[in-house]
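Biologist: I am new to this structure and would like a close look at a single part of it. Please take me through that part slowly, and then through what lies around it.

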Amino acid sequence: MKKVIVISTSLRRGSNSDMLADKFVEGAMSGGNDVEKISLVGKVIRFCTGCFCCQKLGKCVIKDDVNDIMAKVLEADVVAWATPIYYYEMSGQMKTLIDRMNAMYPLDYKFRDVYLLTTAAEDEEETPKRAETGLTGWIDCYPKSRLAGTLFCGGVNEAREIEGNSKLREAFEMGKRV
């Protein structure tokens, strides 16, 4: 059994990327894993100020929801990020959270496998590549981890367009394999 954290970065409940996250959760749970989904809806995540106090303290000095999220990520075996693609990149809230997780850099971490689940209005194969590059930049700071899988669902413009899409099944199967 693995400890799995799924971070849904869309700020819209029931969004397409949130639906992918839910299917990944469902699959991981059906595989017998301990799974927690963290939605950024309603979370307060401020911008990094670059003070580097976190490198000495092992946590951020900014008082918001990031330290609690970070503590869960450090203890997870698997981390899955779900994000809508905005302007061919990960959501701003995902990038802000990644920046704020700088405090994890000198700490021990358990995660080895990282997954990326993305949705976008565009359906070209290259659409999620910048988001994947941005996430691998974070993963590179944790040399015991790797990008274990990606899933892109393009051509979805409106909420719920993903329902019935084969990508939901793929997200479920990906979660089941963690």
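Which residues are exposed on the other side of helix 5?

Modeller: Bearing in mind that this is a predicted model, the residues exposed on that other side of helix 5 are Arg 130 and Thr 133. The buried residues of helix 5, by contrast, are Ala 131, Leu 135, Trp 138 and Ile 139. Seen down the axis of helix 5, these buried residues fall within an arc of 100°, so they line one face of the helix. What covers the buried residues of helix 5 is drawn from several parts of the chain, including helix 3 (66-75) and helix 4, together with strand 3 (78-84), strand 4 (113-119) and strand 5 (146-153).

Helix 5 also has a part in an open space, the second largest pocket, whose lining includes Gly 134, Gly 137 and Trp 138. Helix 4 (92-100) and helix 5 (129-139) are the elements that give two or more residues to this lining. Trp 138 is thus named twice, as one of the buried residues of helix 5 and as one of the residues that line the second largest pocket. Among the others in that lining are Met 90, Lys 95, Ile 98, Asp 99, Tyr 105 and Cys 141. By class, the lining of the second largest pocket holds seven nonpolar, three polar and two charged residues, and the volume of this pocket is about 180 Å³.

Methods. Residues numbered from 1 in each chain as written. Predicted model: local features only at pLDDT ≥ 70, side-chain atom pairs only at ≥ 80, totals over all residues. Heavy atoms only, no water. 1 Å grid on protein atoms, 1.4 Å probe; cavity = no way out; pocket = protein on both sides within 12 Å on 5 of 7 lines; lining within 4 Å. Points joined across faces, edges and corners; volume = space filled by probe spheres on them. Helix = DSSP H or I, 4+ residues; strand = E, 2+ residues; numbered from the N terminus. Nonpolar A, V, L, I, M, F, W, Y, C, P; charged D, E, K, R; others polar. Buried < 20%, exposed > 50% of the residue type's maximum accessible area, 1.4 Å probe, protein only. Arc of directions from axis to C-beta. Contact = heavy atoms within 4.5 Å.
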